[in-house]
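Me: I am new to this one. Can we go through it in short steps?

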Amino acid sequence: MSTPVTPPAETGAAGDLTSPEKRARTGPYRVVVVDDHAMFRSGVKAEIGRTVAVVGEAADAESAIKVILGTRPDVVLLDVHLPGGGGIEVLRKVHEVNPDQKFLALSVSDAAEDVIGVIRAGARGYVTKSISGAELVDAIRRVADGDAVFSPRLAGFVLDAFSGSIDLATVDEDLDRLSQREREVLRLIARGYAYKEVAKELFISIKTVETHVSSVLRKLQLSNRHQLTRWATDRRLV
Amino acid sequence: MWRQADSDQQKKWRAEAGGRVWLAPFVARGGWPALVRVIVGLGLVGAAFGIVLAQEGHIDQLPEVMAMTTLALAGLAVVLAPWLHRSRTALNQARADKVRADARADMAAHLHDSVLQTLAMIQRQSDDPKAVQQLARRQERELRTWLYGEESPETTLKAALTGAAAEVEDERGVPIEVVMVGDCDTSDSVQALVKAAREAMVNAAKHSGAEQIDVYAEVDDEHIEVFVRDRGSGFDLDTVSDDRMGVKGSILDRMQRHGGKANIRSRPGEGTEVRLEIMR
């Protein structure tokens, strides 16, 4: 596959700090697939290979870090359970060198602690491995554009975590509480609505939906670590 | 009677001594051999002191005798310690090995009964993608339950709802994704809610043609809501005849009987969403 390697063209506008990712695209999104199952990697490549360029693969944490830093893809599809430290290790090490690298977490486990763990470590989204090819491409596009991707399950986790299961008395109120609108958006996503459908349902634009989801992601990443972890371990699974 | 009990005891002692009859009285735990052993042992120690004291006839030599004995015992201990330690470690190791081997055998048996059987069935039905998908989903669910030990009895809404979804998925071959926020114990009305939700899933699987069904349930302090949604063909609510028992009897009326509500949103081409609600 000979995709022209577009150098990470810096956006000139210094004022456009909100979305420096929105550069003009030339060619397909460049993706690295990190998963220890070769069968899964080739399956994903077959499904999305026509729409995006898979520029690298890795089967363990160490080689993943090397490949990601070497190729600087738009999005890394990252298996949560990876030999040699797991997905979180990859996230941490890569972000030390390149804090702008975007990750989309993939998992079969559905365990709340895994999912929340990888999101808090800096992944921009989480989807289950049973996702269809078209949906996965959509999720990659969204993450590459700087937005967050929540599966129904992740939305459910977040609602659960923020709905009184966590004691709010000791923590930053603004951060650990979802706004009414954010809750509405998450509930629709948990009910299986695509962003487009959420927008239609709430009479808002898709962009606004994306903003709400990104804001929830930020709260999730910044809120009280101790309590969130405890919630996740108490809860184990859906 | 006494004889009977006695011979049972003797069998046990023999077992503890590893089948060696002559060793049995020396190692058996509890019962009269232990008592006899302690008495004889103490007697021997006493006799040793007695001999020394009798020979010398002087009570003031007691400290020296004691020191001698202590030294002798300490020497023995030093000599025997490594051997004792080794045999203990070996015993523990053997025990741990056995536990591990048992766990492995359990796992092998389980994988054989479940995963290998499923893989065999998948190979046989490889020309029928639907059947393969269904087999894989069922196996996945089963394996997940086994791995994460989630076999909670159906006394909670979550267990009942995921159970119902699993049944419909198996019967109809359409994947159903269940997302829960909160949970509660079951009651008559909760069970009615689950049955209505199940009917909604069956309808979606049967009529909508959708590739997946999403179920979302949320429990808060006051009420319980369940949404069953598909992105299938949808239908015009006005054209559904009253005699379609599924929707009317199983969903709308059932919810009303239990003091709840049900409404259905559907339009041709836009899929269907059934919303069920009851107060707690």
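What follows is a set of questions and answers on this predicted model.

Me: How many residues does each chain bring to the contact between chain A and chain B?
Reply: Count each side on its own. Chain B supplies 20 residues. Chain A supplies 23 residues.

Me: What area is buried between chain A and chain B?
Reply: Carbon and sulfur atoms give 41% of this area. The total comes to about 2000 Å².

Me: How many salt bridges are there between chain A and chain B?
Reply: One salt bridge pairs A:Arg187 with B:Glu218, with the closest N and O atoms 2.7 Å apart. The full count between the two chains is nine.

Me: Which helix gives the largest share of the side of chain A that touches chain B?
Reply: Helices H6 (152–162), H7 (180–190) and H8 (195–202) of chain A each supply at least two residues of that side. The largest share is five residues. It comes from H6(A).

Me: How do the residues on that side of chain A divide into nonpolar, polar and charged?
Reply: Take the classes in turn. Nonpolar residues number eight and polar ones four. The charged ones number eleven.

Me: Is A:Asp35 buried or exposed?
Reply: A:Asp35 sits in the loop between strand S1 (30–34) and helix H1 (38–48) of chain A. Its relative accessible area is 0%. The cut-off for buried is under 20%. Therefore A:Asp35 is buried.

Me: Which side chain joins that of A:Asp35 in a polar contact of 2.7 Å?
Reply: Leaving aside neighbours within four places in sequence, A:Asp35 is in contact with residues including A:Phe40, A:Arg41 and A:Asp79. The polar contact of 2.7 Å is with the side chain of A:Lys129.

Conventions
Residues numbered from 1 in each chain as written. Chains lettered and ligands numbered in written order. Predicted model: local features only at pLDDT ≥ 70, side-chain atom pairs only at ≥ 80, totals over all residues. Heavy atoms only, no water. Contact = heavy atoms within 4.5 Å. Buried area = accessible area lost by both parts, 1.4 Å probe. Salt bridge = Lys/Arg side-chain N within 4 Å of Asp/Glu carboxyl O. Helix = DSSP H or I, 4+ residues; strand = E, 2+ residues; numbered from the N terminus. Nonpolar A, V, L, I, M, F, W, Y, C, P; charged D, E, K, R; others polar. Buried < 20%, exposed > 50% of the residue type's maximum accessible area, 1.4 Å probe, protein only. Polar contact = N/O pair within 3.5 Å; in protein donor to acceptor, adjacent residues only side chain to side chain.
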